[in-house]
Amino acid sequence: MVGPGTGIAPFRAFLQHRAKHGHTGRNWLFFGDQHAATDFLYGDEFAAAQKAGTLHKLSTAFSRDQAEKIYVQHRMEQDGAELWRWLEKGAYFYVCGDAKRMAKDVHQALLTIAAKHGGKTPEQAEEYISVTLSKTEKRYLKDVY
Ligand SMILES: NC(=O)c1ccc[n+]([C@@H]2O[C@H](COP(=O)([O-])OP(=O)(O)OC[C@H]3O[C@@H](n4cnc5c(N)ncnc54)[C@H](OP(=O)(O)O)[C@@H]3O)[C@@H](O)[C@H]2O)c1
C-alpha cells in the first residue's frame, strides 16, 4: 500500500477491515507527507496496528524534515530487494493519492525495481509492471487523482 498525503484514506480502512475480520496475511504501508511532527496522519493508529500485528511493515517518507526531499518512491527503492520478493510471492500493489507526480514516480520506481532486482531489461520491466501485474494479474491497482 502506497498512500502519501490524502492517499492514506483507503489504507486506513483496509487495515481496520482486516483487523476486524482477523485477516493475517502480511501487509506493508508506505506513507509520506511533509513533516513527521504535524503531518503523520493516523500515525498513532498505524503504530498500534503494528503492535497488534495487523500492519507488518511501515515505511515513512517525510519530505521536508531534512535538506533533501525524501518521497515514498525513495523508500520503495531503498527496500527494492524486499519489495521485489513480496511481488514475486504474489503481493498486491495499491497506490492512492496524487496522480500528477507521485503516481508516475511510483510507477517509475516499480520499473527500476523490476530491472534491478528482477533482472529485467527496460522492455521486460515495462511488460511485467504495466501488463502482467496491472492487466493480466490485476495486482497493481491505483486510485489516483
Ligand atoms: N481538491 C481537493 O479538495 C484536494 C484536497 C487535497 C488534495 N488535493 C490534491 O490531491 C493531490 C494530493 O494531495 P495531498 O494533500 O494528498 O498531498 P501531496 O501534495 O501528494 O503531498 C503528500 C506528500 O507527497 C510529497 N510529494 C510531492 N511530490 C511527490 C512526488 N513526485 N512523489 C512522491 N511524493 C511526492 C509531498 O512532498 P512536498 O510537498 O514536500 O514536495 C508530501 O510529502 C494534490 O494534487 C492535491 O492538489 C485536492
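In these legends, a residue is buried under 20% relative accessible area, exposed over 50% and partly exposed in between, with a 1.4 Å probe and protein chains only. The model is predicted: local features need pLDDT of at least 70, side-chain atom pairs count only at pLDDT 80 or more, and totals for chains, interfaces and linings use all residues. Residues are numbered from 1 along each chain as its sequence is written, and side-chain values use heavy atoms, leaving out hydrogens and water.

**View 1. Lysine 138, an exposed loop residue with a positive phi.**
Let us start in the loop between helix H7 (122-136) and strand S4 (140-144), where lysine 138 is found. (Helices, H or I with at least four residues, and strands, E with at least two, are DSSP runs numbered from the N terminus.) How open is lysine 138 to its surroundings, buried or exposed? Its relative accessible area is 52%, so lysine 138 is exposed. Look at the backbone too: phi is about 50 degrees here, a positive value, although lysine 138 is not a glycine.

**View 2. Tyrosine 42, a partly exposed residue between two helices.**
This view moves to the loop that links helix H2 (36-39) and helix H3 (43-52), where tyrosine 42 lies. Tyrosine 42 has a phi near 60 degrees, which is positive in a residue other than glycine. With a relative accessible area of 35%, tyrosine 42 counts as partly exposed.

**View 3. The ligand and the residues around it.**
Which residues come nearest to the ligand? They are Thr6, Ser63, Arg64, Lys69 and Tyr71, out of 16 residues around it. (Near means having a heavy atom within 4 Å.) Tyrosine 71 makes a polar contact through its side chain, with a polar atom 2.6 Å from an oxygen atom of the ligand. (A polar contact is a pair of N or O atoms within 3.5 Å; within protein, one must be able to donate a hydrogen and the other to accept it, and residues adjacent in sequence count only if both atoms are side-chain atoms.) Aspartate 33 takes part through its backbone, where an N or O atom lies 3.1 Å from a ligand oxygen. Lysine 100 brings a polar side-chain atom to 3.4 Å from an oxygen atom of the ligand. Two elements give two or more residues each to the shell around the ligand: strand S1 (28-33) and helix H6 (102-118).

**View 4. Asparagine 27, a buried side chain with backbone partners.**
Here we look at the loop between helix H1 (9-21) and S1, which holds asparagine 27. What does the side chain of asparagine 27 reach at 3.0 Å? Its partner is the backbone nitrogen of histidine 56. A polar atom of the asparagine 27 side chain also lies 3.0 Å from the backbone oxygen of threonine 54. Asparagine 27 has a relative accessible area of 7%, so it counts as buried.

**View 5. Alanine 99 and arginine 101 in the loop between S3 and H6.**
Both residues in this view belong to the loop that runs between strand S3 (93-97) and H6. Alanine 99 is partly exposed, with 23% relative accessibility. Arginine 101, at 58% relative accessibility, counts as exposed. From alanine 99, the C-alpha distance to aspartate 143 is 8.5 Å, and 44 residues separate the two along the chain. From arginine 101, the C-alpha distance to lysine 135 is 22 Å, with the two residues 34 apart along the chain.

**View 6. Arginine 18 and alanine 19 in helix H1.**
Our last stop is helix H1, the place of arginine 18 and of alanine 19. Arginine 18 has a relative accessible area of 23% and is partly exposed. Alanine 19 is also partly exposed, at 40%. How far from alanine 19 is alanine 52, C-alpha to C-alpha? These two alanines are 33 residues apart along the chain and separated by 9.0 Å. For arginine 18, the residue to look for is phenylalanine 62, which lies 26 Å away in space, C-alpha to C-alpha, and 44 residues away in sequence.
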